[in-house]
Structure formats: C-alpha cells, structure tokens
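Colleague: Got a minute to walk me through this one? I'd like to start with how its pieces touch.

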Amino acid sequence: MEKDEVKKAVLELIEDVMPELEDVAFDKNIVSEYGVSSVSIIKLIVEAEKKFEISFSDYELALDSYDTFGDFARVVYDKLEDVE
C-alpha cells in the first residue's frame with residue numbers, strides 16, 4: 001500500500017471514529033487542535049488494527065505517542081511495510 005493510500009484510509013478511519021472532527025489535517029497537533037483524548041486514540045487504534053490487520057504494542061497505545069495524525073499514519077504505514 002502506498003503512503004497516499006494509507007493516509008486516505010487513515011483519514012476515513014478518523015472520520016468514522018471521530019465524526020465530530022472537522023477539516024482534519026495531518027500536520028496539526030491532535031490534542032491542542034482537535035482535543036483528541038486517550039480514549040479516542042485507543043478507539044482509532046482498535047479500528048486501524050481491524051482494518052489493516054496490524055497490531056500495536058502496549059507503548060504505542062499512549063496518546064503521547066502521536067503528536068499529529070500524520071504521525072499515526074506513519075506508524076500504520078510502517079507496520080504495513082513490515083507485514084509485506
């Protein structure tokens with residue numbers, strides 16, 4: 001899967017899991033700009049694990065592991081690369 005395809009799929013996940021967010025940008029801070037909570041990021045991770053058939057480690061479940069949605073998309077992309 002190409003990086004752009006992963007970003008598009010992650011954006012769709014964000015819209016499904018956090019429909020209250022508007023105009024999601026991959027370079028803005030997810031806490032200060034969007035008010036994302038640790039519960040919301042775990043929901044997003046669970047859905048990403050299902051959709052992409054990947055696994056996140058315990059330390060990757062922490063909200064402070066991702067400053068931006070771009071960081072999250074990069075982790076998903078890297079995990080997909082490891083699987084292939």
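Modeller: Sure. Contact here means heavy atoms within 4.5 Å. Keep in mind that this is a predicted model.

Colleague: OK. Which residues in α1 meet which residues in α3?

Modeller: From α1, take K3, V6, K7, V10 and I14. They meet F69, F72, A73, V76, Y77 and L80 in α3.

Colleague: How many of those are nonpolar, polar or charged?

Modeller: The contact of α1 with α3 has nine nonpolar residues, no polar ones and two charged ones.

Colleague: How do people describe two packed helices?

Modeller: By the angle between their axes and the distance between the axes.

Colleague: What are the angle and the axis distance for α1 and α3?

Modeller: The angle is about 120 degrees, and the axes are 9 Å apart. That makes α1 oblique to α3. The crossing of these two helices, α1 and α3, is right-handed.

Colleague: Now α2 and α3. At what angle do they pack?

Modeller: About 30 degrees, with the axes of α2 and α3 12 Å apart. Angles under 35 degrees count as roughly parallel. So α2 and α3 are roughly parallel to each other.

Colleague: Is the crossing of α2 and α3 left-handed or right-handed?

Modeller: Right-handed, for α2 and α3.

Colleague: Where do α2 and α3 run in the sequence?

Modeller: Helix α2 covers residues 38–52, and helix α3 covers residues 69–83.

Colleague: And which residues meet between α2 and α3?

Modeller: L44, I45, A48 and F52 sit on the α2 side. F69, F72, V76 and L80 sit on the α3 side. By class, the contact of α2 with α3 has eight nonpolar residues, with no polar and no charged ones.

Colleague: Switching topic. How many salt bridges are in the whole structure?

Modeller: A search finds four. One of them joins the side chains of E12 and K51, at 3.9 Å from N to O.

Colleague: Why does the pair E12 and K51 tie together separate parts?

Modeller: Because E12 lies in helix α1 and K51 in helix α2, and these parts are 39 residues apart in sequence.

Colleague: Are E12 and K51 buried or exposed?

Modeller: In between. E12 has 35% relative accessibility, so it counts as partly exposed. K51 has 43%, so K51 counts as partly exposed too.

Colleague: What about K50, which residue does it bridge to?

Modeller: E47. The closest N and O atoms of K50 and E47 are 3.4 Å apart. Both are in helix α2. K50 and E47 are three residues apart, so about one helical turn separates them.

Colleague: How accessible are K50 and E47?

Modeller: K50 is at 56% relative accessibility, which makes it exposed. E47 is at 29% and counts as partly exposed.

Colleague: Next, E60 and K79. How far apart are N and O in that salt bridge?

Modeller: The side chains of E60 and K79 meet at 2.9 Å, N to O. E60 lies in the loop between α2 and α3, and K79 lies in helix α3, so the pair ties together parts that are 19 residues apart in sequence.

Colleague: Are those two, E60 and K79, buried or exposed?

Modeller: The cut-off for buried is under 20% relative accessible area. E60 is at 13%, so it counts as buried. K79 is at 15%, so K79 is buried as well.

Colleague: What else does K79 touch?

Modeller: Leave out residues up to four places away in sequence, and K79 touches I54, S55, F56 and E60. So E60 is in that list, and E60 is also the salt-bridge partner of K79.

Colleague: Last topic, backbone angles. What sign does phi have in most residues other than glycine?

Modeller: Negative. D23 has a positive phi, near 50 degrees, and it is not a glycine. E53 is not a glycine either, and its phi is positive at about 55 degrees.

Colleague: Where are D23 and E53?

Modeller: D23 is in the loop between α1 and α2. E53 is in the loop between α2 and α3.

Colleague: And are D23 and E53 buried or exposed?

Modeller: Exposed means over 50% relative accessible area. D23 is at 70%, so it counts as exposed. E53 is at 69%, so E53 counts as exposed too.

Colleague: Great, thanks.

Technical notes:
Residues numbered from 1 in each chain as written. Predicted model: local features only at pLDDT ≥ 70, side-chain atom pairs only at ≥ 80, totals over all residues. Heavy atoms only, no water. Axes fitted to C-alpha atoms, helices over the stretch in contact; angles between N-to-C directions. Helix = DSSP H or I, 4+ residues; strand = E, 2+ residues; numbered from the N terminus. Parallel < 35°, antiparallel > 145°, perpendicular 65-115°, else oblique. Left-handed = near helix turned anticlockwise from the far one by under 90°. Nonpolar A, V, L, I, M, F, W, Y, C, P; charged D, E, K, R; others polar. Buried < 20%, exposed > 50% of the residue type's maximum accessible area, 1.4 Å probe, protein only.
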